[in-house]
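Here is a quick walk through a fold, for anyone who likes to see how strands and helices fit together. Take a look at the model before reading on.

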Amino acid sequence: MKLKNPLLVVTDMDTTVEFYKKVLGLHVIMDFGVNVTLTGGLSLQTRESWAEFLCINPDELGWCGRVSEIYFEEDDFDAFTDKLCTLDIHYVHPVKEHGWGQRVVRFYDPDGHIIEVGESVKTVVQRFLDSGMTPEQIAERMDV
């Protein structure tokens with residue numbers, strides 16, 4: 001068994017593709033109109049075509065994109081969050097720091113799917129080293 005791609009069902013393919021390009025810097029690697037695959041393996045499919053594959057009326061599809069999330073990591077987290085401030089983003093929450101030191105931000109895509117972008121763990125460790133923490137202190141802080 002091999003996981004190939006997560007797939008998000010979308011209402012407006014053009015709007016959603018533009019969102020992922022503009023906000024997360026993803027690019028289209030395959031475009032079949034009603035199904036688009038972006039860099040990193042994220043697939044998007046129109047609601048109508050997905051319902052057709054399932055052999056149901058699109059109106060019968062539940063719409064609950066807020067029970068899961070797509071997770072990304074970013075090395076230059078500060079630059080990324082600065083960029084977000086220039087865009088029209090609907091946040092789940094502003095930037096916060098988890099107990100182990102990783103900073104994250106969560107926001108919604110155009111269809112209400114939750115996107116999480118976290119500071120890469122490598123960057124967290126480097127930030128702690130730059131602040132003068134020892135490797136032992138970092139391990140304790142990060143609970144590893």
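## A hairpin and its sheet

S2 and S3 make a hairpin with 3 residues between them, and Gly33 in the turn has a positive phi of about 80°. Before going further, note that this is a predicted model, in which local features need pLDDT of at least 70 and side-chain atom pairs count only at pLDDT 80 or more, while totals for chains, interfaces and linings use all residues. Residues are numbered from 1 along each chain as its sequence is written, and side-chain values use heavy atoms, with hydrogens and water left out.

Helices (H or I, at least four residues) and strands (E, at least two) are DSSP runs, numbered from the N terminus. On that basis the protein chain has 5 helices and 8 strands, in the order β-α-β-β-β-α-β-α-β-β-β-α-α from the N terminus on.

Back to the hairpin: S2 and S3 run antiparallel and are joined by 3 bridges, with Thr37 in S3 as the bridge partner of Met30. They belong to an open sheet of 4 strands, ordered S1-S4-S3-S2 with mixed pairing; two strands pair if DSSP finds at least two bridges between them. S1 and S2 (28–31) are the edge strands, each pairing on one side only. Neighbouring strands in this sheet are turned by 25° against each other on average, direction ignored. At the S1 edge, S1 and S4 pair in the parallel sense over 4 bridges, and Val10 has Thr46 in S4 as its bridge partner.

## Helices on and around the sheet

Axes are lines fitted to C-alpha atoms, for helices over the stretch in contact, and angles run from 0 to 180 degrees between N-to-C directions. Contact means heavy atoms within 4.5 Å. Here are the angles for H1 and H2:

| Pair | Angle |
|---|---|
| H1 and S4 | about 160° |
| H2 and S4 | about 85° |
| H1 and H3 | about 130° |

H1 packs on the sheet and touches S1, S2, S3 (35–38) and S4, whereas H2 lies across S1 and S4. In H2 (residues 47–54), Arg47, Ser49 and Ala51 are buried (under 20% relative accessible area, with a 1.4 Å probe and protein chains only). These buried residues pack against S1 (7–10) and S4 (43–46). Just after H2, Cys55 takes a positive phi of about 60°.

How do H1 and H3 meet? H1 (residues 13–24) and H3 (residues 77–85) pack with their axes 10 Å apart, at an angle of about 130°. That makes H1 oblique to H3 (angles under 35 degrees count as roughly parallel, over 145 as roughly antiparallel, 65 to 115 as roughly perpendicular and the rest as oblique). H1 brings Lys22, Val23 and Leu24 to the contact, and H3 brings Phe80, Lys83 and Leu84.

## The core

A nonpolar core is a set of buried Ala, Val, Leu, Ile, Met, Phe, Trp, Tyr and Cys residues joined through side-chain atoms within 4.5 Å. The largest one has 24 residues, and those with the most contacts inside it are Tyr20, Val23, Leu24, Leu44, Phe107 and Val117. H1 gives the most to this core, with 6 residues. Leaving aside neighbours within four places in sequence, Leu24 is in contact with Phe19, Phe72, Phe80, Lys83, Phe107, Ile115 and Val117.

Key. Buried < 20%, exposed > 50% of the residue type's maximum accessible area, 1.4 Å probe, protein only.
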